[in-house]
Amino acid sequence: MLTHPHKEMELQDTPAKAWSDPTGRAYSQRFHIALDGNGANGLEGMAGVCLFLFDQVSQGYAYKVRYYDGIAAGHAVSVNPSGTIGFLGNAGQHLLFYDAHTLDEIGRVSTLRYECPPSSLQGSTHLVWMSDTDFITVIGAHFYRFSIDALEHGERLCAHQLKLPHGMKRSASGRYIVYGSMDSPHDGRDGEACHVAILDLESMAVRVVDLPATCWHVAAHPGEDRFYGVSFRVLPQDHVDYHEWAMAFRKEYAFEIDAASGQVLRHWAAGREIPAHINSDVCLSDRELIFCNGGSQNVIAIDLATFASYRQLVDERPDAAAQLNRPREVASQVADVFTRGNFFSNSQHFLGALQVSRKSLLDSIYGCQLSAGQSLLFTANRGLNHITIYDYPSGTLRLRVEMPPLQTYFSWMSALADPRLGFHHAWLLG
């Protein structure tokens with residue numbers, strides 16, 4: 001679907017058609033967002049991509065949404081250096097690539113031909129591009145290197161040595177791949193992953209860095225071989241089940257780590273009352289470490305000079321009226337939460353989740369990216385199903401677009417079903 005606000009028109013675009021913009025307008029920003037449907041647990045849902053285009057001068061925008069058959073648990077997107085090929089990372093054990101302009105699928109392969117992971121929550125959710133056609137990702141217990149043209153012939157590199165590898169980035173020099181880890185259902189009570197790791201691409205040696213808290217997601221410093229991990233603290237249901245984890249109302253951390261030595265240079269710790277829980281995208285400006293929090297409904301920015309002071313850059317917590325106006329979404333969210341765990345044996349998790357979300361019954365921002373010129377901050381709000389653009393560093397709202405319901409793309413869905421598209425990690429070009 002394409003939307004052109006200046007002409008107040010809407011054009012339907014079928015999945016088989018290529019991208020078409022009859023106005024001929026040029027767009028300076030391309031915001032790719034992974035989609036996983038309307039469930040609370042994005043690691044079990046659908047798999048798709050939303051491409052949102054925006055022109056900073058005219059304020060014009062357009063968007064297109066595509067879900068892919070035969071693939072599940074869409075999680076993160078990344079685009080190759082030339083901006084032509086996109087990757088839809090997922091927890092469904094596929095590698096899937098798409099045309100970054102049309103969203104047409106251009107290749108997929110089952111990763112089970114290489115290794116079977118110990119948990120279905122593990123998939124190739126993230127990768128690192130080595131060139132326009134070559135990339136490195138994790139499958140099972142190892143790193144693999146691939147070419148887009150030969151997805152059936154991946155090369156095994158080395159063991160990753162973490163519980164359940166997740167977000168990964170390449171350091172500024174290109175020498176290191178830095179990566180975080182999820183807590184692992186496979187290890188039961190011992191599944192907490194209080195570590196990150198560094199792969200040296202010259203020696204192919206892995207250095208594991210122990211930490212006091214799990215970090216799913218990382219960001220690399222743009223000019224130095226340093227990186228940042230932000231804690232993602234969860235608790236296992238019944239003290240065992242990390243597959244159906246619960247949000248933990250505990251203190252949160254951010255770590256600055258030297259990629260060459262693995263030394264923690266500085267860290268930031270936030271009391272549990274500070275709304276910095278359940279992060280997704282992590283990025284940097286010249287002045288701040290920025291991360292969005294789907295659990296706490298906001299975007300937090302930590303001052304890089306002090307690595308102590310912070311601010312709430314964006315707050316998208318819905319008020320009571322906004323929640324009452326979304327009965328299908330709230331009902332779906334509450335039902336999913338009760339499906340994840342037994343209330344009578346896990347009541348502390350339900351109460352903790354209300355504290356984490358600041359009493360909201362909807363989740364929130366999962367896509368958060370800063371423009372190359374550091375003047376715009378793009379966010380994708382999963383719970384409220386809208387895309388918002390803010391001015392940076394002020395955090396002033398520039399544009400908000402309510403996105404279409406999921407029923408637009410799945411005609412078999414009931415009109416009473418939760419209509420959210422399921423925004424997750426994002427990637428911004430411009």
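**Cavities, pockets and sheets**

The largest cavity in this predicted model encloses about 50 Å³ of space. Seen as a whole, the structure holds two cavities of 30 Å³ or more. Around the largest cavity stand D183, E192, T214, F232, R233, V234 and R250. By class, this lining has four charged residues, two nonpolar and one polar.

The second largest cavity has a volume of about 40 Å³. Its lining is made up of Q93, T111, E115, P117, Q122, G123, S124, V138, I139 and G140. Six of these residues are polar, three are nonpolar and one is charged. Rolling a probe the size of a water molecule over the atoms shows where empty space is left.

Besides the cavities there are pockets. The largest pocket holds about 1,200 Å³ of space. It is lined by 42 residues, and those nearest its centre are K169, A220, V282, Q369 and W427. The lining divides into 23 nonpolar, 15 polar and four charged residues. Several strands contribute to it: strand 6, strand 10, strand 14 (165–170), strand 18 (217–220), strand 24 (279–284), strand 28 (365–370) and strand 32 each supply at least two residues.

The second largest pocket has about 710 Å³ of space. Of the 36 residues that line it, A40, M247, Q333, V337 and A353 are the closest to its centre. Helices as well as strands take part here: helix 2 (327–340), helix 3 (347–356), strand 21 (241–247) and strand 24 each give at least two residues to the lining of the second largest pocket. By class, that lining has 19 nonpolar, 14 polar and three charged residues. Strand 24 can thus be found in the linings of both the largest pocket and the second largest pocket.

The strands named above can now be placed among their partners. Strands of a sheet pair through backbone hydrogen bonds, either parallel or antiparallel. Strand 6, which supplies residues to the largest pocket, belongs to an open sheet of four strands in the order 6-7-8-9, with antiparallel pairing. Strand 6 (74–79) and strand 9 (105–110) are the edges of this sheet, each pairing on one side only. From one strand to the next, the twist averages 20°. Within the sheet, three bridges join strand 7 (residues 85–90) to strand 8 (residues 94–99) in the antiparallel sense. At one point of this pairing, F87 faces F97 in strand 8.

Strand 10, another contributor to the largest pocket, lies in a further open sheet of four strands. Its order is 10-11-12-13, and the pairing is again antiparallel. Here the edge strands are strand 10 (127–129) and strand 13 (155–159), each of which pairs on one side only. The twist in this sheet averages 25° from one strand to the next. Three bridges link strand 10 with strand 11 (residues 134–139), which run antiparallel, and V128 has I136 in strand 11 as its bridge partner.

Strand 32 also supplies residues to the largest pocket. It spans residues 423–429 and is mostly covered, with six of its seven residues buried. Its antiparallel partner is strand 3 (residues 29–35), and five bridges join the two. In this pair, R30 stands opposite L429 of strand 32.

Methods
Residues are numbered from 1 along each chain as its sequence is written. This is a predicted model: local features need pLDDT of at least 70, side-chain atom pairs count only at pLDDT 80 or more; totals for chains, interfaces and linings use all residues. Side-chain values use heavy atoms; hydrogens and water are left out. Buried means under 20% relative accessible area, exposed over 50%, partly exposed in between (1.4 Å probe, protein chains only). Two strands pair if DSSP finds at least two bridges between them. Axes are lines fitted to C-alpha atoms, for helices over the stretch in contact, and angles run from 0 to 180 degrees between N-to-C directions. On a 1 Å grid over the protein atoms alone, a cavity is a set of points where a 1.4 Å probe fits but cannot get out, and a pocket is an open set with protein on both sides within 12 Å along at least five of seven lines; lining residues have an atom within 4 Å of a point. Grid points are joined across faces, edges and corners, and a volume is the space filled by probe spheres set on the points. Ala, Val, Leu, Ile, Met, Phe, Trp, Tyr, Cys and Pro count as nonpolar, Asp, Glu, Lys and Arg as charged, and the others, Gly among them, as polar.
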